[in-house]
Amino acid sequence: MSNLSPSPGTPMAATPLTRAVLEIDEYASTLGWDKPARLFALVDTARLRRQEPRLAGQLGLDQDDAGKSQLTPIEQDEVPAGTPLDKFLGTIAWPDAVVGCALTVERLMLPPSAEASVPAGLNDKQLTKWVAAHPERQEVRLTVGVLRDGSRESAVRLREKDSSSEVLTGASLVPGLADALAATFA
């Protein structure tokens with residue numbers, strides 16, 4: 001487990017969840033591209049300081065930082081290689097202290113104009129191959145976070161515009177992944 005420290009370049013966000021998602025996106029950007037998916041527990045920072053002061057100290061969550069970050073992302077063990085993400089997420093159960101979770105994963109995406117030209121009848125493997133060969137494909141890093149209360153946030157970073165100022169955010173950018181993460185709290 002590792003804690004993410006807010007990066008000086010991470011913009012102030014409207015909600016704690018948006019801030020946490022942007023912190024995770026910024027952390028993932030420091031690791032570079034072509035990395036496996038990463039899963040994070042989101043914990044209430046004040047509660048962590050109160051209930052686990054030793055752990056909070058190890059994670060660098062000093063009392064002086066009170067009010068700066070309301071959610072602390074804590075990276076979990078690696079997502080097992082070769083395991084489909086939906087199957088892996090189906091095995092997750094969070095303890096009560098975890099108020100949310102987030103995942104960052106790289107994918108290939110097509111612009112809406114190209115989606116109309118997808119050949120009918122392709123299985124998942126064929127579709128993946130077709131998208132990978134498409135001239136309009138975009139490599140993206142998706143960071144999606146959800147809270148137990150149903151709140152959602154997403155950040156999308158294009159590889160060709162790999163800059164914090166170019167990250168798109170929104171609650172409904174990656175609904176399927178948000179649904180899968182929310183199901184880990186069911």
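The legends below describe several views of a predicted model of one protein chain.

**Figure 1. The whole chain holds seven helices and seven strands.** Along the sequence, these elements follow the pattern β-α-β-α-α-β-α-β-α-α-β-β-β-α. The chain has 186 residues, and 40% of them count as buried. Its accessible surface comes to about 10400 Å², with 52% of that area belonging to carbon and sulfur atoms. Among contacts between residues at least 6 apart in sequence, 68% join residues at least 24 apart.

**Figure 2. The largest nonpolar core has 29 residues.** In soluble globular proteins, nonpolar side chains tend to be buried together. Leu39, Leu85, Leu89, Trp94, Leu103, Leu177 and Leu181 are the residues with the most contacts inside this core. Two or more core residues come from each of strand S2 (38-44), helix H4 (85-89), strand S4, strand S5 (138-147) and helix H7 (175-182). A second core, separate from this one, has 12 residues, including Ala20, Val21, Ala102 and Leu147.

**Figure 3. A close-up of Leu177 shows its contacts with residues elsewhere in the sequence.** Leu177 is among the residues with the most contacts inside the largest nonpolar core. When neighbours within four places in sequence are left aside, Leu177 is in contact with Leu85, Leu89, Leu103, Val105 and Val144. Leu85, Leu89 and Leu103 are also listed among the core residues with the most contacts.

**Figure 4. The largest pocket contains about 560 Å³ of space.** Its lining consists of Arg107, Leu108, Met109, Leu110, Glu115, Val118, Asp124, Leu127, Thr128, Val131 and Leu142. Strand S4 and helix H6 (124-133) each give two or more residues to this lining. The most comes from H6, which gives four residues. Sorted by class, the lining has seven nonpolar, one polar and three charged residues.

**Figure 5. The second largest pocket has a volume of about 260 Å³.** Fifteen residues line this pocket, and Val43, Leu48, Ile74, Ala97 and Val98 are the ones nearest its centre. Strand S2 and helix H2 (45-51) are the elements that give two or more residues to the lining. By class, 10 of the lining residues are nonpolar, two are polar and three are charged.

**Figure 6. The largest cavity holds about 70 Å³ of space.** Rolling a probe the size of a water molecule over the atoms shows where empty space is left. A search of the whole structure finds one cavity of 30 Å³ or more. The residues lining the largest cavity are Ala28, Leu31, Gly32, Lys35, Pro36, Ala37, Arg38, Thr104, Val105, Glu106 and Arg141. Helix H1 (16-31) and strand S4 (98-109) each supply at least two of these residues. S4 has the largest share of the lining, at three residues. By class, the lining divides into five nonpolar, two polar and four charged residues. Val105, one of the lining residues, is also in contact with Leu177.

**Figure 7. Ala132 is a residue of helix H6.** Ala132 counts as partly exposed because its relative accessibility is 35%, which falls between the 20% limit for buried and the 50% limit for exposed. Apart from residues up to four places away in sequence, Ala132 touches Leu108 and Arg137. Leu108 is 24 residues from Ala132 along the chain, and the C-alpha atoms of the two are separated by 6.9 Å. Leu108 also belongs to the lining of the largest pocket.

**Figure 8. Asp44 is a residue of strand S2.** With a relative accessible area of 29%, Asp44 is partly exposed. Asp44 touches Gln70, Leu71 and Val99, leaving out residues up to four places away in sequence. Asp44 and Val99 are 55 residues apart in sequence, while their C-alpha atoms are 6.7 Å apart in space.

Note on methods:
Residues are numbered from 1 along each chain as its sequence is written. This is a predicted model: local features need pLDDT of at least 70, side-chain atom pairs count only at pLDDT 80 or more; totals for chains, interfaces and linings use all residues. Side-chain values use heavy atoms; hydrogens and water are left out. On a 1 Å grid over the protein atoms alone, a cavity is a set of points where a 1.4 Å probe fits but cannot get out, and a pocket is an open set with protein on both sides within 12 Å along at least five of seven lines; lining residues have an atom within 4 Å of a point. Grid points are joined across faces, edges and corners, and a volume is the space filled by probe spheres set on the points. Ala, Val, Leu, Ile, Met, Phe, Trp, Tyr, Cys and Pro count as nonpolar, Asp, Glu, Lys and Arg as charged, and the others, Gly among them, as polar. A nonpolar core is a set of buried Ala, Val, Leu, Ile, Met, Phe, Trp, Tyr and Cys residues joined through side-chain atoms within 4.5 Å. Buried means under 20% relative accessible area, exposed over 50%, partly exposed in between (1.4 Å probe, protein chains only). Contact means heavy atoms within 4.5 Å. Accessible areas come from the Shrake-Rupley method with a 1.4 Å probe; for residues, only the protein chains shown count as cover.
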